[in-house]
Amino acid sequence: AVPMAGAVGAGAMSLAQKSVAAVTSGAGPPSAPAQQEQDEDPTVKVAEAITRPLLHGPLPDDKKPLAGNLVHYPFGAGVGGLYGGLAGVMPRVTAARGLLFGAAVWRS
């Protein structure tokens, strides 16, 4: 049940990030290519690191959203499982209903 909650949390996080991006997309000057790569979603960066050796090159732009999701949701489920396991042996991780644990994972 806890891994499923982690996957649901990952979905909520994705929706929140898309909402913020939609509101702030017109703010500021256009990004240079180097800045765009730096701003790329971390899950896409992980997917690219995994697939680059297999594809012998970069991940195609049209595949990046799917690849990012294939990293994002299993990671969220794994973190949910980790949280559930830790909560059983270290109840203090449930302080603030897991808010501090989630913030620590998000900031890493």
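In this predicted model, helix H4 keeps a run of its residues out of reach of solvent: Lys64, Ala67, Gly68, Val71, His72, Gly76, Val79 and Gly80 are buried. The cover over these buried residues comes from, among others, helix H1 (2-24), helix H3 (42-55) and helix H5 (99-107). As for its geometry, H4 is 26 residues in length, and its first and last C-alpha atoms lie 38 Å apart, close to the 38 Å expected at 1.5 Å a residue.

One of the buried residues, His72, is worth a closer look. His72 sits in H4, which covers residues 64-89. Its relative accessibility comes out at 10%, so His72 counts as buried, given that the cut-off for that label is under 20%. Once neighbours within four places in sequence are set aside, the contacts of His72 are Ala10, Gly11, Met13, Ser14 and Thr43.

Now for the H1 side of things. The buried residues of H1 are packed against H4, and Gly6, Ala7, Ala10, Gly11 and Ser14 are buried in H1. The length of H1 checks out too: with 23 residues at 1.5 Å a residue, the helix should span 33 Å, and the 33 Å between its end C-alpha atoms agrees.

Over in H3, Pro42 tells another story. Pro42 belongs to that helix and has a relative accessible area of 58%, so it is exposed, the threshold for exposed being over 50%. Pro42 and Gly68 are 26 residues apart along the chain, with 8.0 Å between their C-alpha atoms; Gly68 itself is one of the buried residues of H4.

Technical notes: Residues numbered from 1 in each chain as written. Predicted model: local features only at pLDDT ≥ 70, side-chain atom pairs only at ≥ 80, totals over all residues. Heavy atoms only, no water. Helix = DSSP H or I, 4+ residues; strand = E, 2+ residues; numbered from the N terminus. Buried < 20%, exposed > 50% of the residue type's maximum accessible area, 1.4 Å probe, protein only. Contact = heavy atoms within 4.5 Å. Expected span 1.5 Å × (residues − 1).
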